[in-house]
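This briefing introduces a structure to a reader who has not seen it before. Please look at the sequence and the model first, then read the points below.

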Amino acid sequence: MTQKAPIMRVKDVTREYITGGGLFSKSKSLMALKGINFDLIEGETLAIVGESGCGKSTLARILTMIDAPTDGVLEIEGRQVDISKKRPDADLRSKIQIVFQNPYGSLNPRQKVGDVLEEPLIINTNMGTDERRRLAFAMLEKVGLKPEHYGRYPHMFSGGQRQRIAIARSLMLRPKLLVLDEPVSALDLSVQAQILNLLADLQDEFKLTYIFISHDLSVVRYIADRVMVMYFGEIVEFGAKDDVFDNPQHDYTKTLFAATPKSDVESIRARVEARAAAN
Amino acid sequence: MSLLEIRNLSVEFDTAAGPFKALKGVDYSVDAGEVLAIVGESGSGKSVAMLSMMGLLPDTATVTADVMKFDGLDLQSMTKKQRRQVIGKDISMIFQEPMASLNPCFSVGFQIGEALKTHLGLSAKQCRSRTIELLHSVGITDAEDRLAVFPHQMSGGQCQRVMIAMAIACKPRLLIADEPTTALDVTIQKQILDLLMSLQNEYEMGLIIITHDMGVVAETADRVVVQYAGVQMEEALVLDLFENPKHAYTKALLSALPENAKGDRLPTVADFAKELSEAGVILEGAQS
């Protein structure tokens, strides 16, 4: 895996947000990303971990070409991309897609599932109606939904099913890289397991590279190949999953591990005994 | 005698599609100083149970129970006025989304003071000093300056602390926390859970934590009730539950935890459909 060329290269990417600056107040600037560097290898799952406000979602917006970086270089398959100068073309758009956190907010309530799935094709390809329809039906089946779901509206689905729809939409253009922004954090435990299994199946089938953004370390440990820990706009730790989990270097990573609930029997026994002793 | 005792509680909602049974005869009991966790997926009726006890359900709900007693008082036969004197004072609740459950139009100090004024009849001056005390006890350091702050000016974790301050304002004997940390980061979650546990210990409150997160259960509970589709699946001490789950549904739920994953695939609850149907549980909207 290490011999492969990186599918994406990020060099010194920064992002500054200017807030305020009305008639009487001075504007303030906030560095959401302070120089991010990494290479993404084809076929891997890179997890980005960090607390809210650390810049993970800003990074996701830059990687998916929704937002332009203030400074720095984004290279996709060796090709330098700068969306502040030139809008990404259909070919580039088709390479990277995103699945958002909240399946209740990311689907248009007035759009039928079929239209949700076909919209990326209408915008980015010259495909005919029949062909689009055929692909939409095929994709519904791939993500574990049924053909009769084609004509239904998002409110008729449960959270897990909606996330399946969002995943299906992101795969319609056959992307190489999928950015998953907290895809399971709004879901129940057993539904979370189903979606994680689905993501693993799809990764095999479509040879996908994943960027998996999460703050749930137990999920990250399950799904990731490499882990990147972010803290206040910087990468504080980056490495293979086992290295990061077994031997965290940075204080913030250690804090993060210490804060994660422990649900193994020994930890519970220790806690119950400590509590009994205190009373 | 237990602090809260509920037996055979059923809740039915009138809907356009006919009656819907959200709870089908569940029992709960909590002792003073005990932490009970109610675990279940969405739709299992865990929040409905507590809301029905507090009398906070809409008019379309029909609540029936054989016994519903708090500290010897029968909650069912009380008038609304009597119930209001207990609720908010002796029983209080923390809701899921701190940002959404605080009133955006009033300052934090006002919202905490409201409970003190209503239930304890404190004067404005006493209210202020007690509010500052409360904010300190939930770990907000610059409490004097925080009184005039509005909810949107604070982070989610800070809002949740304010919610907790409000809930413990009248030293309740029973505190119900409905998904207290779901919207929060792990590091903040840890702080909030530690805070809840230390307050619980200090006031010797009964604490009911409603959650779908097995990690939260493992970190806090003494006893656990597992619920699915309005039916109680299992009740056990926390250690017994994790070490030796009795019910097929509990086993399924525990095996779906990513940290328990063996091999490449996570087992889902649907994979246990056969064991579950043998145990008399029919999965809703079963899908692989």
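**An enclosed helix, a pocket and two cavities**

Helix H5 of chain A has 12 of its 13 residues buried, so it is largely enclosed by the rest of the structure. The model is predicted. The points below start with this helix and go on to a pocket, the cavities and two loop residues.

**Helix H5 of chain A**

- H5 covers residues 159-171 of chain A.
- At 1.5 Å a residue, its 13 residues should span 18 Å, and the end C-alpha atoms are 19 Å apart, which agrees.
- The buried residues include A:Gly159, A:Gly160, A:Arg162, A:Arg164, A:Ile165, A:Ile167 and A:Leu171.
- The partners that the buried residues of H5 pack against in chain A are two strands, S6 (96-99) and S7 (177-181), and three helices, H3 (113-124), H4 (129-142) and H6 (189-206).

**The second largest pocket**

- The second largest pocket holds about 700 Å³ of space.
- Its lining is made of 28 residues, and those closest to the centre are A:Ser218, A:Arg221, A:Tyr222, A:Ile223 and B:Pro258.
- H6 and helix H7 (217-223) of chain A are the elements that give two or more residues to this lining.
- By class, the lining of the second largest pocket has 10 nonpolar, 9 polar and 9 charged residues.

**Cavities**

- In the whole structure, 2 cavities of 30 Å³ or more are found.
- The largest cavity has a volume of about 40 Å³.
- Lining the largest cavity are A:Ile7, A:Met8, A:Ile76, A:Glu77, A:Lys95, A:Ile96, A:Lys176 and A:Leu177, of which 5 are nonpolar, 3 are charged and none is polar.
- The second largest cavity contains about 30 Å³ of space.
- The residues around the second largest cavity are A:Ile62, A:Met65, A:Asp67, A:Pro69, A:Leu74, A:Val81, A:Asp82 and A:Ile83, with 6 nonpolar, 2 charged and no polar among them.

**Two loop residues with positive phi**

- A:Arg174 is not a glycine, yet its phi is positive, about 50°.
- A:Arg174 sits in the loop between H5 and S7 of chain A and is partly exposed, at a relative accessible area of 48%.
- A:Lys207, also a residue other than glycine, has a positive phi near 55°.
- The loop between H6 and strand S8 (209-214) of chain A holds A:Lys207, which counts as exposed at 60% relative accessibility.

Definitions and conventions
Residues numbered from 1 in each chain as written. Chains lettered and ligands numbered in written order. Predicted model: local features only at pLDDT ≥ 70, side-chain atom pairs only at ≥ 80, totals over all residues. Heavy atoms only, no water. Helix = DSSP H or I, 4+ residues; strand = E, 2+ residues; numbered from the N terminus. Expected span 1.5 Å × (residues − 1). Buried < 20%, exposed > 50% of the residue type's maximum accessible area, 1.4 Å probe, protein only. Contact = heavy atoms within 4.5 Å. 1 Å grid on protein atoms, 1.4 Å probe; cavity = no way out; pocket = protein on both sides within 12 Å on 5 of 7 lines; lining within 4 Å. Points joined across faces, edges and corners; volume = space filled by probe spheres on them. Nonpolar A, V, L, I, M, F, W, Y, C, P; charged D, E, K, R; others polar.
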